[in-house]
Amino acid sequence: MEKKEDYILECEGISKAFGGTQALSNVQLHVRRGEVHALLGENGAGKSTLMKTIIGLYKADAGSITFEGKPYSVKGPVEAIAAGISMIHQELNPEPFLSIAESIFLKRENTVGGVLLNKKEQNRRAAEILNKFDFPYGPKTLMQELTLAQVQMIEIIKAVSCDAHLIIMDEPTSSLDSEETEHLFRTIRELKDKGVAIIYISHRMDEIFEICDRVSVFRDGTFVNSCNLGEVTKDELISMMVGRNVANVFPKTDCEIGETVFKVENLTGNGFENISFEVHKGEILGISGLVGSGRSETMRAIFGLDKIKSGSMYLDGKKITNKSPRAAIKKGICMVNEDRKEYGLCLFRSIRENISLPNLPARQRGLLINQKREKKECGEVAKMLTVKAASIEHDGFSLSGGNQQKVVIAKWFMANPKVLILDEPTRGVDVGAKAEIHSLMCEFAAKGMAVIMISSELPEVMGMSDRILIYHEGKLNGEVLREEIVSGVMGQEKILAKEFGGK
Amino acid sequence: MAVKEEKKVLGVDRDKFRMFMGKYGIGVVLFIMIIVISIMEPAFRSAKNFINVATQVSINGMISYGMCLVITTGGIDLSVGAQLALVSCILGQFITNFGVNPFLACLIALLASTAFGFLNGFFVARFNMFPFVVTLSTQLIIRGLAQVISGGNAIPLTSETFQHIYSSKVGPIPLPIVILFVVTVIVYIMLHWTKFGRYIFAVGGNVHAAIASGVSEFWTKVGAYTISGLLAGIAGIIFTAKTSSAQSNIGIGYETDAVAACVLGGTSFAGGVATIPGVVMGIFIIGFIYNGMNLIGIESYYQSMTKGAVIIGAVLLDMVLNRKKG
Amino acid sequence: MKNMKKGLALLLAGIMVLGMTACGAKEETPAAAPEPAKTEAPAKAETPAPAATDAAAPADSAIPADVNGDGKITIGYISKNLVDPFHAPINAAAQEIFDQMKKDGKIDDWTGILDGETDPNKQIDRADECITKNCDMVIILPAEATASDPAVTKMADAGIHVIVVNSKTDSTDKVAVSYCGSDDVYAGELLAKWVIEQVPDGGKYAHCQGIIGNSAQIQRGEGLANTMKDHPEFESVGDFPCDWAADKAANVATDMMNKYGDDLKAIICDNDDMSSAAQRACNDAGRKDIVCVGVDGNQKPLEMVKAGEMGATVLQDGVGQVKAAVSVIDAIIAGQSFEKENIVPFVLVTKDNVDQYLK
């Protein structure tokens, strides 16, 4: 009886599916008044989906939510705030030219007669709240003058000023330095004392142990367990997060690994530091790490999409630099980007044109494109990669996500590169296409390409790679060989531990 | 993204219908237009009238091809009207006042307009400025330069050699039509049969994907604007030969008809989609709107409205047929 | 008929808008049916309307009306534009007159007001269309003296009687059957004389020009300069290109007042949109004494003259010009002789006679 009153938020039997993917199935979450409750799980475990369901961005297919003892159902963040739940998103998008006061009172401005803004009153009230938090700037300061941590602070202040009883923080420390983090924790403790409950999503185990009272673990869209943080160890939590059998559904074939094709030394850039590795002919090199750990950033820089601050790259033993993807492609380094929408296809152009785009210079007859040859070769490649379309003259728009991905891979297959980088090659791809893409990777390796694959799915990395590099916060944190995985020396738990910064 | 369900339109597979209409829809509009005007005005049907219209549209045609390339890269070129004035004034100054050989003068004029086209492209591509802003500004600069060159005066062009650029004929066909035809073929080949054309489509369709496929955004955009400048220059030569007078106040608002022809021809303002045959049809639709309505005797006040309605209607049609999904 | 054409215009738009192929064509056919029927008729029987053409011989300068021998009299009308306040009443008058002539059976058809868009290129295109439509006589108000000339010569080459109205093109005297306009040099002289009369002691004056190269601009400036040449007590502070635009003339007025102060006595403008704006700027600056004057006789300047805010304006009778052109057409149809050049005089409008011209 007493326990019932303890909970400020009770989610029961929540399910949510997107198309064919079950993002949440029958999960629960119980948060007590005045506690800091951690949510833990791998990428794609369903944490974000659940939070978005709570603030009304998604509508659950099934289940019920009770907030402060009453049934709770909202249609969007605005209603959620009115009900007393605020969420501070991972990526903050402040309006640079609004003042602090204007930001705090955005969408609930003080008005005279409902039309004109009462700026004076608004600034006065803002100053009052800012004072309460010892915020170092006045209400008229523009948002663009604040640091990221301060912007976050304003978000928190805003949440509190809305009289939020529950604040959801999604990776709040991901862009803060240690001092700012310390400040955030102080604020969290103050809020806790005032009886505000906080749901704290983070990948940083140490932080969770420092600031949180209880934790709920999610895995593959299901709820695993809730427990008090004093009663579990880090390792126990990690095994809760992993906990599945890695069935060997991957078609990895062993092929002969030849000499070193590509090598980087002490590569440093935006989001990664001192990265050194090498990749060989016929090898599939897996790259694992949490989102934002610097894996994609490294590869983008190698491909010439981002700048490299220092370090060097060698292709076939020769030192190279890639100022643009154009230069990289010319040398034989190609990349399938993780952001398929942005970097993948020209959706309104035909499959043929998309496949041949990077391969045109080699397929010219004089000044003109050899259209006959183009048609033939593109058709062959598309067929080989089992792109499902009525004809290669259809535009990219008519294809499913998996088939779009195959077209992107097809254009690089046709380019026949020395090094092929695949960033999340199977994300958002249905099961059948996934398997086909996996077999393709093996074929590429068999042809003598060096394949680098980034994936957030541990089983995929473990199932497909000859060797795995593990990233943690912009640095390499270990290397795992296929033998170690096959022999069971390195399990998923150990790799995940490394991703979380463990040794 | 889930697999699309097949839908039927008029008993035809939706996808095929879309592809067909996307390619030939505007031709249907053109065809109906010709039939309707022919029924209403017999004089319209004469071969002479069709030759007239083709000659008339040669100026807008040149400009439209350049505009089409630029719009396909996701931009716009508002400076083409001013380019006509610049070319005209250069021709007047060199041929009439300096007595330069007309062909050499044409070459100089083309160099100037091409250079300004390059400048447009350079600013757009190098500094990532909005094409609208860049060409709006260069338009003022170019027209100002034309005024400086001509001193604001109208310079009569009495050189017969030069006037022949407009008035001479190849068989029964006036030279401007021949020029238009040759340029059409060249632009068609360039856009549809060369890698530069593909790059234009790619940069306009998805610039990040294009860059990630090794396409140089800079050179593609610069190329498109430069060609637009060159073609506007050719249009300026025809214009000047036609009016046999060089002045700085010509070509005002000519970008509008060019944009209209492109849009009618299925050129997408979002970039990445265009066909030259489509633009050709767009150019002729614009030409027939003027010509047909004048011959029928529709009051000029209503012509403007009709033209606007036709363009909106055609673009609407295009959007319905190529509806963005997903 | 007029309504039907409006309807057709909208229908045409409708077809394109909806892309409704089948039903559009169905609606179109019956509406358009009378047209071809009508065109066949005159081929068989000589129409009564151009009866006068048979007696086309008598007077010396009389010329046949039906130049292309299709048994129909068709009139073309190429305007300078549809938008500026000087040309709007001219176009309206032409519309009324030709609609009436068609109704009366005096002419068989006319093109309607073709829009020249103040663009010589477009005027040449319109000339092509007049030729295609088998026009016998075409009235044209040229946009430019040189650049619009191919429109005139082209039609003349096709045998059409071209009547140039308002301002001449280069070869008007050679190839047009008649010119109906006003003598812009005389207008310039009127401007100068008015200023000399008002400021007997002389002084400095500014000259606001129209678009450089327009024949009206050139000739009015010529008349002005010719007269001022004999009056050394007047000194020009400069010719300012204002493109016929009122706001630019107003800017010149304020700039010159700043620069020359009380020495500035007059601002002479090539049109009275500019002179009225210049006068207003002077009046607002407390310099009612500056004499501003221009040519045209547009509504606003006339009202200013009536209110005593401006001394005078020189009226150009545009409607009179087009009416003169119509009487030339009448004469040709009637087989009578007509003047090769019809000069419609400019009138100096002051407070004394403004009521005559103010509508």
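Which side chains meet in a salt bridge with Lys406(A) or Glu436(A) as a partner, and what is the N to O distance? The side chains of Lys406(A) and Glu436(A) meet each other, at 2.6 Å, N to O. By salt bridge I mean a side-chain nitrogen of Lys or Arg within 4 Å of a carboxyl oxygen of Asp or Glu. Lys406(A) sits in helix H15 of chain A and Glu436(A) in helix H16, residues 431-446, so this pair ties together parts that are 30 residues apart in sequence. Helices are DSSP runs of H or I with at least four residues, strands are runs of E with at least two, and both are numbered from the N terminus. Lys406(A) is buried, at a relative accessible area of 1%, while Glu436(A) is partly exposed at 27%. Buried means under 20% relative accessible area, exposed means over 50%, and partly exposed is in between, with a 1.4 Å probe and protein chains only.

Some conventions before I go on. This is a predicted model, where local features need pLDDT of at least 70 and side-chain atom pairs count only at pLDDT 80 or more, while totals for chains, interfaces and linings use all residues. Residues are numbered from 1 along each chain as its sequence is written, chains are lettered from A and ligands numbered from 1 in the order in which they are written, and side-chain values use heavy atoms, with hydrogens and water left out.

Now the chain pairs. There are 2 pairs of chains that touch, and the one with the most contacts is B and C. Contact here means heavy atoms within 4.5 Å. Chains A and C do not touch, and their nearest C-alpha atoms are 23 Å apart.

I take B and C to begin with. Here 49 residues of chain B are in contact with 46 residues of chain C. The buried area is about 4100 Å², with 62% of it from carbon and sulfur atoms. Buried area is the accessible area, with a 1.4 Å probe, that two parts lose on being put together, summed over both. On the chain B side, Met40(B), Lys242(B) and Asn294(B) supply 13% of the area buried against chain C, more than any other three residues.

The rule finds 2 salt bridges across this interface. One of the residues just named, Lys242(B), forms a salt bridge with Asp125(C), the closest N and O atoms being 2.4 Å apart. There are also 14 residue pairs in polar contact, both residues at pLDDT 80 or more. A polar contact is a pair of N or O atoms within 3.5 Å; within protein, one must be able to donate a hydrogen and the other to accept it, and residues adjacent in sequence count only if both atoms are side-chain atoms. Helix H13 of chain B gives the largest share of the side that touches chain C, 10 residues. That side divides into 27 nonpolar, 17 polar and 5 charged residues. For these classes, Ala, Val, Leu, Ile, Met, Phe, Trp, Tyr, Cys and Pro are nonpolar, Asp, Glu, Lys and Arg are charged, and the others, Gly among them, are polar.

Next, A and B. The contact takes 37 residues from chain A and 32 from chain B. About 2800 Å² is buried, 59% of it from carbon and sulfur atoms. Arg349(A), Leu357(A) and Phe397(A) lose the most area in chain A, together 20% of what that side buries. This interface has 11 residue pairs in polar contact and 1 salt bridge.

Which residues form that bridge? They are Glu374(A) and Arg198(B), at 2.6 Å, N to O. Both belong to a network of salt bridges that also links Arg352(A) and Glu393(A). Within chain A, Glu393(A) pairs with Arg352(A), with the closest N and O atoms 2.8 Å apart. Glu393(A) lies in the loop between H14 and H15 and Arg352(A) in helix H13, so the pair ties together parts 41 residues apart in sequence. Glu393(A) is partly exposed at 29% relative accessible area, and Arg352(A) is buried at 9%.

Last, chain C. UniProt, in an unreviewed entry, places "domain: Periplasmic binding protein" at residues 75-336 of chain C. Over that range the chain is 48% helix and 21% strand, with the end C-alpha atoms 18 Å apart. UniProt positions are in the numbering used here, feature names are shortened, and annotations may be inferred rather than shown by experiment.
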